[in-house]
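Here is a small set of exercises to work through with the model open beside you. Try each task before reading its solution.

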Amino acid sequence: VSGEQGASQEEEMRAVGEDPSGDADDGDQNGPSRVNVGIPKELIPAMRKAFSNLCTSPSGVLFENSLLQVGVKHEYVGAQGRISVFFGNLHSTSLHNFKVKVDQPDHLRMQMQGTQDLLDDGEYDSVGCSVAAKTQAKLMILVEVTAPFDDAPSMRISFDTEEGEHHDYPLRLPLVATCFMEPVNLDPGAFMQRWKSLE
């Protein structure tokens with residue numbers, strides 16, 4: 001599953017046209033130019049490993065570069081889970097217009113709350129929040145799975161730096177079907193009985 005998710009993450013980055021070197025946007029003739037920055041290709045192997053690790057670990061770092069660290073803690077009981085996502089500003093200045101948009105597929109029932117103005121509700125005038133240097137924004141997600149699924153939900157992070165760069169990072173939450181599985185302890189006799197019932 002983790003390999004497929006890593007590939008999906010890379011495909012999504014290609015699909016949205018991420019340019020590792022940044023893309024200069026001339027804007028209007030009177031306004032300042034803005035540089036659009038995506039996820040550099042050299043970070044993709046580390047992102048795959050981080051995603052894979054978090055599919056089986058209760059906490060860890062999902063993404064990190066010189067500006068931002070995204071940490072995740074998650075726990076599950078039966079069909080329900082609680083996911084905490086932390087967005088740490090590693091930069092020396094504030095990150096502005098900081099917004100997070102989480103995909104909500106039909107098979108997952110989600111309730112989300114976080115730092116004020118963090119969640120991108122899709123409105124054009126959504127301004128996002130500011131994350132001061134060396135501080136964090138936080139997002140809490142309560143989730144319930146309602147049907148089988150095979151794809152992790154996407155999470156898009158965008159923000160502006162004081163240097164005039166607009167960053168846009170498409171990620172995936174480490175929320176996969178195996179998160180909702182629970183082990184069963186069986187003695188040898190009970191195991192063989194269940195095994196034979198599958199024939």
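**Exercise 1. Work out the strand order of the five-stranded open sheet and name its edge strands.**

Step 1. Follow the pairing from one side to the other: the order is β3-β4-β5-β9-β7, and the pairing is antiparallel. Strands here are DSSP runs of E with at least two residues, helices are runs of H or I with at least four, and both are numbered from the N terminus. Two strands pair if DSSP finds at least two bridges between them.

Step 2. Look for strands with a single partner. These are β3 (59-64) and β7 (108-114), so each has one side without a neighbour in the sheet.

Step 3. Add the twist: on average, neighbouring strands of this sheet are turned by 20° against each other, direction ignored.

Before you go on, note that this is a predicted model, in which local features need pLDDT of at least 70 and side-chain atom pairs count only at pLDDT 80 or more, while totals for chains, interfaces and linings use all residues. Residues are numbered from 1 along each chain as its sequence is written, and side-chain values use heavy atoms, with hydrogens and water left out.

**Exercise 2. Trace the connections from β3 through β4 to β5, and find the helix that lies across β3 and β4.**

Step 1. Start with β3 and β4 (residues 68-77), which pair in the antiparallel sense over five bridges. Ser59 has Lys73 of β4 as its bridge partner, and Val61 stands opposite Gly71 in β4. Three residues separate the two strands, which form a hairpin.

Step 2. Move on to β4 and β5, which run antiparallel and are joined by 10 bridges. One pairing to check is His74 with Ile83 in β5. This is a hairpin too, with two residues between the strands, and Gly78 in the turn has a positive phi of about 60°.

Step 3. Now find the helix: α2 (residues 44-56) lies across β3 and β4 and runs at about 160° to β3. Axes are lines fitted to C-alpha atoms, for helices over the stretch in contact, and angles run from 0 to 180 degrees between N-to-C directions.

**Exercise 3. Which rings are linked to Phe159 by the aromatic pairs described here, and how are they arranged?**

Step 1. The structure holds seven aromatic pairs. Rings of Phe, Tyr and Trp (its six-membered ring) pair if their centres lie within 6.5 Å; planes under 30 degrees apart count as stacked, over 60 as edge-to-face and the rest as tilted.

Step 2. Phe98 and Phe159 are stacked, at 5.5 Å centre to centre with 10° between the planes. Phe98 belongs to β6 (residues 95-102) and Phe159 to β10 (residues 154-161), so this pair ties together parts 61 residues apart in sequence.

Step 3. Phe159 and Tyr169 have ring centres 5.6 Å apart and planes at 85°, so this pair is edge-to-face. Tyr169 lies in β11 (residues 165-172) and Phe159 in β10, so the parts tied together are 10 residues apart in sequence.

Step 4. Check burial (buried means under 20% relative accessible area, exposed over 50%, partly exposed in between, with a 1.4 Å probe and protein chains only). Phe98 is buried at 0%, Phe159 is buried at 0%, and Tyr169 is buried at 1%.

Step 5. Put the rings together: ring pairs link Phe63, Phe87, Phe98, Phe159 and Tyr169 into a cluster.

**Exercise 4. Where does Ser130 lie, and what does it contact outside its sequence neighbourhood?**

Step 1. Ser130 sits in strand β8 (residues 129-131).

Step 2. Leaving aside neighbours within four places in sequence, Ser130 is in contact (heavy atoms within 4.5 Å) with Leu95 and His96.

Step 3. The C-alpha atoms of Ser130 and Leu95 are separated by 5.6 Å, although the two are 35 residues apart along the chain.

**Exercise 5. Where in the chain is the confidence lowest, and where is it highest?**

Step 1. Begin with the average: the chain has a pLDDT (the predictor's confidence in each residue, from 0 to 100) of 85, and 82% of the residues score at least 70.

Step 2. Confidence is lowest in helix α1 (residues 2-15), with a mean of 44, and highest in strand β5 (residues 80-89), at 98.

Step 3. Over residues 1-31 the pLDDT is below 50, and this stretch has 53 contacts in the model beyond near neighbours in sequence.
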